[in-house]
Amino acid sequence: MTDLISLIEQDGHILKRAASTAGGEFCGPCPFCGGNDRFRVWNQKGRFWCRGCGKAGDSIQYIRETRGLGYIEALKYLGIENNYKPRAKEKENFIFCPKDEEPTPALWQEKAEKFLQWSQAQLWEPASAAALEILKGKGLTRETIRAAGIGANPGDIFRDFSAWGLPPEYKENGNLRKLWFPAGVVIPLIEGGVKRLRIRRNNPPDNNRYPVVHGSTAKPMILGKDRKSFFIVESDLDAWLCWQEAGALAGIIALGSASAKPDTETHNIILNAERIFLSLDYDTPGAKAFYKFWPQTYGEKVIRWPTPAGKDPSEAYQKGIKIRQWIEAGLECQILP
């Protein structure tokens, strides 16, 4: 497989190393708009982006844009068809059946609503300054933070399962488990009431950065259900950033993880959508999720659309990427036959 820089230089464009970001950042004239030094390539991650015209993508998108090829033809051109295209037998036998969870207990929702209201007030207190800085660092405005219903929990809290309407659970030693509310940023899913409480911990020693309070739903968060095109990301905070920057242009779906699958509602929305831009974290789990399940289930309207820098929209924002331009660039892409 030819790397992205080689593809670009084969077209007569000279790139120079500009930084060591993401294994090497290269710059030069844009192959699309011709702007000098606006074009950036991160060769290790195989991504490009023009700060001028907003064109962005990977080697597949570059070949489609410059050669006028369809999706499958671009894969063949790059010699990676088998990595993306399921075998005919797999296609024939595969039927995805979404699964829905049991409804969240009414008592759990009542308790979650009170906890969330308390945490929302805590977010603006001096003790939660670090949590607020995390949100601002991810590009979220105060208006978006309030619209998302985000709060903060200053310290770990433990409660009995039964007090929240949940059946008891036991540890291996026979002791009752406690419902854990860790210190951190409280990120809710609100749909006709509080359905999920996810808490973003800061530098956890066990690497469990986004624990979900037991009893929460695992269903995806969907912003803009009436849109025709959707960008699929992993985290709720990434979804709110994208919605803040370009909610008028497309819907946003947050799965929670690269391995998560749509529930019935999300599945039906995707089936009826015109285009799906898969923007899962640009790492091994995110890549594997795209290569099999998504195109196998929803066909060629699924477009792989990672951020041009960083592994997700929040990191891309921190590296200076204009999220709205990145979304606009995706929407400008045509699904070629």
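## Pro103 and helix H6

In this predicted model, Pro103 is found in the loop that lies between helix H5 (88-93) and helix H6. With a relative accessible area of 68%, Pro103 is exposed. Between the C-alpha atoms of Pro103 and Gln318 there are 37 Å in space, and the two residues are 215 apart in sequence.

Helix H6, made up of residues 106-122, lies across strands E6, E9 and E10, and its direction is at about 45° to that of E10.

## The sheet beneath the description of H6

The three strands that helix H6 lies across make up an open sheet with the order E6-E9-E10, in which the pairing is antiparallel. Strand E6 (151-153) and strand E10 stand at the edges, and because each has a single partner strand, one side of each is left without a neighbour in the sheet. Averaged over the sheet and with direction ignored, neighbouring strands are turned by 35° against each other.

The pairing of E6 with strand E9 (residues 184-190) is antiparallel and rests on three bridges. Within this part of the sheet, Gly151 stands opposite Val186, a residue of E9.

## The loop between E10 and E11

Arg201 has its place in the loop between strand E10 (194-200) and strand E11 (221-223). Arg201 is buried, since its relative accessible area is 12%, which falls under the 20% limit used for that class. The side chain of Arg201 makes a polar contact with the side chain of Asp206, at 2.9 Å. When residues up to four places away in sequence are not counted, Arg201 touches Trp180, Pro182, Ala183, Asp206, Asn208, Arg209 and Pro211, so that Asp206 appears both in this list and as the partner in the polar contact.

Two asparagines are also found in the loop between E10 and E11, namely Asn203 and Asn207. Asn203 counts as exposed, at 59% relative accessibility, and Asn207 is likewise exposed, with a relative accessible area of 70%; Arg201, by contrast, is buried. The backbone of both asparagines deserves a separate remark: phi is near 55° in Asn203, a positive value in a residue other than glycine, and phi is near 65° in Asn207, again a positive value in a residue other than glycine. Most residues other than glycine have a negative phi.

## Cysteines without a disulfide

A disulfide is a covalent bond between the sulfur atoms of two cysteines. The count of disulfides in this model comes to zero. For Cys33, the closest cysteine sulfur is that of Cys50, at 3.7 Å, and this is too far for a bond, because a disulfide requires two cysteine sulfur atoms within 2.5 Å. Cys50, too, is in no disulfide, and the cysteine sulfur nearest to its own is that of Cys30, which is 3.6 Å away.

The accessibility of these cysteines can be set beside the sulfur distances. Cys33 counts as partly exposed, at 38% relative accessibility, whereas Cys50, at 0% relative accessibility, counts as buried.

Definitions and conventions. Residues numbered from 1 in each chain as written. Predicted model: local features only at pLDDT ≥ 70, side-chain atom pairs only at ≥ 80, totals over all residues. Heavy atoms only, no water. Buried < 20%, exposed > 50% of the residue type's maximum accessible area, 1.4 Å probe, protein only. Helix = DSSP H or I, 4+ residues; strand = E, 2+ residues; numbered from the N terminus. Polar contact = N/O pair within 3.5 Å; in protein donor to acceptor, adjacent residues only side chain to side chain. Contact = heavy atoms within 4.5 Å. Pairing = 2+ DSSP bridges. Axes fitted to C-alpha atoms, helices over the stretch in contact; angles between N-to-C directions.
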